[in-house]
Amino acid sequence: MQRKTKEITVTLRPDNIVETKVNDDITELSLEGVPEVIAATNEVHHSTNAPKAALMHMPSFYVKKSIIKGYASNRDVEVVAVAMLTHSFSSQIIGNLLLTMRSRVLTLRNETPEPSKVFRDKEAAIKWLLEHLAAKKQ
């Protein structure tokens, strides 16, 4: 299943990984596009009852904080794990540092965060997600 919005394409792969990519012609994400993307994401996630993991391709351009908060507010889907793909080594290092800090804060608040990690290699990200999906099935 696939849903394409003006800005982002959301695809449910056969292995129950939901892959999210910024469309090729997009150079900036808009706050107006957030509800459409959230609706597409929710539709894809709810298309089957199987547990899912998320593979998100991070854009190579700056995304405003208000837009990130808009996407982060979508709590209508549950995922086993989240892998984010970036092209930059520094983005990978900083991203993983921020995810570690987020995990510690959530743990202090007695919340259990889903496993999240930033990758530069898509195949490594998929392998990591499939391991988490397999563990969920056991």
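Student: Which residues lie nearest the centre of the second largest pocket, and how many residues line that pocket?

Tutor: In this predicted model, the second largest pocket has a lining of 16 residues, and those nearest its centre are Val22, His57, Met58, Pro59 and His87. The pocket holds about 330 Å³ of space. By class, its lining comprises 6 nonpolar, 6 polar and 4 charged residues.

Student: How is such empty space found in general, and what volume does the largest pocket have?

Tutor: The general idea is that a probe the size of a water molecule, rolled over the atoms, shows where space is left empty. Here the largest pocket has a volume of about 2,000 Å³. Its lining consists of 50 residues, and Met56, Met58, Ile68, Ala72 and Met84 lie nearest the centre.

Student: Into which classes do the lining residues of the largest pocket divide?

Tutor: The lining of the largest pocket divides into 29 nonpolar, 14 polar and 7 charged residues.

Student: Which element gives the most to the lining of the largest pocket?

Tutor: Helix 3 does, with 9 residues. At least two lining residues also come from each of several other elements, including strand 3 (17-22), helix 1 (34-45), strand 4 (53-57) and helix 2 (65-72). Strand 5 (82-85) and strand 6 (116-119) likewise supply at least two each.

Student: Let us turn to the sheet. What is the order of its strands, and which are the edge strands?

Tutor: The sheet is open, and its 6 strands follow the order 1-2-3-4-5-6 with mixed pairing. An edge strand pairs on one side only, as strand 1 (2-4) and strand 6 do here. From one strand to the next, the twist averages 15°.

Student: Where does the mixed pairing appear around strand 3, and which residues stand opposite one another?

Tutor: Strand 3 pairs with strand 4 in the parallel sense over 4 bridges. Within that pairing, Ile17 is opposite Ala53, and Val18 has Ala54 as its bridge partner. Strand 2, in contrast, runs antiparallel to strand 3, and 5 bridges join the two; Val10 stands opposite Thr20 there. Strand 2 and strand 3 form a hairpin with 4 residues between them, and in the turn Asn16 has a positive phi of about 65°.

Student: Is strand 3 mostly covered or mostly open to solvent?

Tutor: Strand 3 is mostly covered, with 5 of its 6 residues buried.

Student: Which helices pack on the sheet, and what angles do their directions make with the strands?

Tutor: Helix 1 packs on the sheet and touches strand 1, strand 2 (8-12) and strand 3. The direction of helix 1 makes about 5° with that of strand 2. Helix 4 (residues 122-137) also packs on the sheet, touching strand 3, strand 4, strand 5 and strand 6. The direction of helix 4 makes about 165° with that of strand 4.

Student: Finally, consider Thr5. Where is Thr5 found, and why does Thr5 count as buried?

Tutor: Thr5 is found in the loop between strand 1 and strand 2. A residue is termed buried when its relative accessible area is under 20%. Thr5 therefore counts as buried, because its relative accessibility is 8%. Leaving aside residues up to four places away in sequence, Thr5 touches Asn23, Glu36, Val37 and Ala40.

Terms used. Residues numbered from 1 in each chain as written. Predicted model: local features only at pLDDT ≥ 70, side-chain atom pairs only at ≥ 80, totals over all residues. Heavy atoms only, no water. 1 Å grid on protein atoms, 1.4 Å probe; cavity = no way out; pocket = protein on both sides within 12 Å on 5 of 7 lines; lining within 4 Å. Points joined across faces, edges and corners; volume = space filled by probe spheres on them. Nonpolar A, V, L, I, M, F, W, Y, C, P; charged D, E, K, R; others polar. Pairing = 2+ DSSP bridges. Axes fitted to C-alpha atoms, helices over the stretch in contact; angles between N-to-C directions. Contact = heavy atoms within 4.5 Å. Buried < 20%, exposed > 50% of the residue type's maximum accessible area, 1.4 Å probe, protein only.
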